[in-house]
Amino acid sequence: MGMRWIFLLLWNFISIVIACAQDDANGDALHPCGTPPGVDPWLRRYLEGLIKVPDSDDTLWVGMQIHLLARNDGTGRFGPDRLLDAFYRLNEDFAQTGIRFYFKHAWNLLNNSAWFEHDSIVQGRAMMFANNVSDALNVYFVQRAAGNCGYNLPYAGIAMAHACSGPNGHTWAHEVGHALALPHPFLGWEGKVYNPDLPTPDTLLYDYTHFHAEPDTIVPAPLDTALVEYVDGSNCSIAADRICDTGPDYLSYRWSCNAQGLSNVQQRDPAGKPFFSDGTLFMSYAADNCQRRFTPQQIQIMRARLRTDRSRWVAPSMPVSGLVSEPALLVAPINSVPSPVNATILHWRSVPNATHYLVQVSKVGSFGVRDFEAIVSDTFVLVQNISPNWNYFWRVRAFNAASVGPYSASGRFLSTSASTVNAAHEGGWRIFPTFLPQGTPLAVEAPESWRQQPIVLSVFDTGGRLLFQQELTLLSSRDWLFLPTEKWPTGPYVLVCTSKLGVVRQSFWLVAP
């Protein structure tokens, strides 16, 4: 079945965003991962050779259902700009794997304070059971994820804390690794602190209370024993994560690395052989600036998982026409042209493969605080109720279900308090002929007060779709406006002229030549 992906026509994010400051906790204060330790039963069988999966080099398109939590009153939700940043980073982190993620359904907006800031995995599990969809990998963005940057429940989904979901963070990649059966390379050390002054044990006891293949699994004594991995690799297939190309790692806390990506803490295996942990691995607890890869065996495991009992997440074919890679080109307004506060029309050119655009308007060039933010599927948007007499910045980011392009360059416009919309004849204008043959220019005669200053001319069809927009300056008593009418069907249209003086509109009918 083809992928149908609709944003419910701007849904709640079309509303004006007055302030975008977040009250997220500092990610450094959170535990890196709350995924309970354990080896997935599927992984045990796979590593024992009981699951045979022929691999290939094709791209596996994995569908995700995104759930964006907020408080009961709708505040605090993870913003669309931050989600797109995090999604871009996730796909970049998985670029080497031949696995790519896409939004399978519209983002699900949930208002529930208890779930938005939950203190236990049990609460998070209830949230997932109540809202999961069955044909996608479910991911929940929350303010507080039981004190963790994130966690994955094998039978339910992923929870992500806002504070650890930044554009340079790898927590999402880490938790997806768990969802695809990868354990921590330091399995067994979770909740323990390695002490170099003590002999390293051969075995470790760990609690996997919440780590079951199915939610109704009955575990009388939810404890297991992990073998501690040796440096020489002699027990790598049965120790820790049981993956032989990850190497030993005993560090179960957030740690920094050196220039080579290795831990600054030296560890010794049970035989006394020294080593340093590999911080380049996404499944480690190294700092984000250290992490950059999955190992070949980890990649093989994740792809095999997707071809077997997680195949329902995988699209049968590429779910989009192509990837978005180019920035949008802004059309108008871009050069500080005056524009009325209640009728500013932002227009840009379409981007190849894009289905949606994130539009932001701000008083500051950094866009740290936005006065307007919307997601649209067209190449224009009407901005209203902004403050008068401000030089506003605006920009656009194109995306589709599987990819996110770069932000456009910033445009600027000067908001003016003019609020009236006049018919052309009421404002002293003449725009003719009103029955316009295709291929014929419109004559525009503007009052002297409108000349020698920048204005924006826009043309809309009767459905409100923007067909043409241009910034120009009227210099004489009569100017000629050449419109690409050969490409338009015959019928009624509306020409709108905006400047600091106001808004003027003129209807005309396009006829065959």
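This briefing describes aromatic rings, a buried helix, a strand hairpin and one buried glutamine in a single structure.

The model is predicted, so local features need pLDDT of at least 70 and side-chain atom pairs count only at pLDDT 80 or more, while totals for chains, interfaces and linings use all residues. Residues are numbered from 1 along each chain as its sequence is written, and side-chain values use heavy atoms, with hydrogens and water left out.

**Aromatic rings**

- The structure holds 23 aromatic pairs, where rings of Phe, Tyr and Trp (its six-membered ring) pair if their centres lie within 6.5 Å, and planes under 30 degrees apart count as stacked, over 60 as edge-to-face and the rest as tilted.
- The rings of phenylalanine 129 and tyrosine 155 form a tilted pair, because their centres are 6.0 Å apart and their planes stand at 45 degrees.
- This pair links distant parts of the chain, 26 residues apart, with phenylalanine 129 in helix H4 (residues 121-131) and tyrosine 155 in the loop between strand S7 (150-153) and strand S8 (157-161); helices (H or I, at least four residues) and strands (E, at least two) are DSSP runs, numbered from the N terminus.
- Phenylalanine 129 is partly exposed at 46% relative accessibility, whereas tyrosine 155 is buried at 13%; buried means under 20% relative accessible area, exposed over 50%, and partly exposed in between (1.4 Å probe, protein chains only).
- One aromatic cluster is formed by Phe78, Phe87, Phe103, Trp107, Phe141, Trp172 and Phe399.

**Helix H5**

- Nine of the nine residues of helix H5 (residues 171-179) are buried, so the helix is largely enclosed by the rest of the structure.
- Among these buried residues are Trp172, His174, Glu175 and His178, and Trp172 also belongs to the aromatic cluster.
- Just after H5, alanine 181 takes a positive phi of about 90 degrees.

**Strands S19 and S20**

- Strand S19 (residues 391-399) and strand S20 (residues 404-407) run antiparallel and are joined by two bridges, given that two strands pair if DSSP finds at least two bridges between them.
- A hairpin of four residues connects S19 to S20, and arginine 397 stands opposite tyrosine 407 in S20.
- The charged end of arginine 397 sits over the ring of tyrosine 407, 4.7 Å from its centre, a term that requires NZ of Lys or CZ of Arg to be within 6 Å of the ring centre and within 35 degrees of the ring normal.

**Glutamine 267**

- Glutamine 267 lies in strand S11 (residues 262-268) and counts as buried at 0% relative accessibility.
- A polar atom of the side chain of glutamine 267 lies 2.9 Å from the backbone nitrogen of tyrosine 250.

How values were computed:
Polar contact = N/O pair within 3.5 Å; in protein donor to acceptor, adjacent residues only side chain to side chain.
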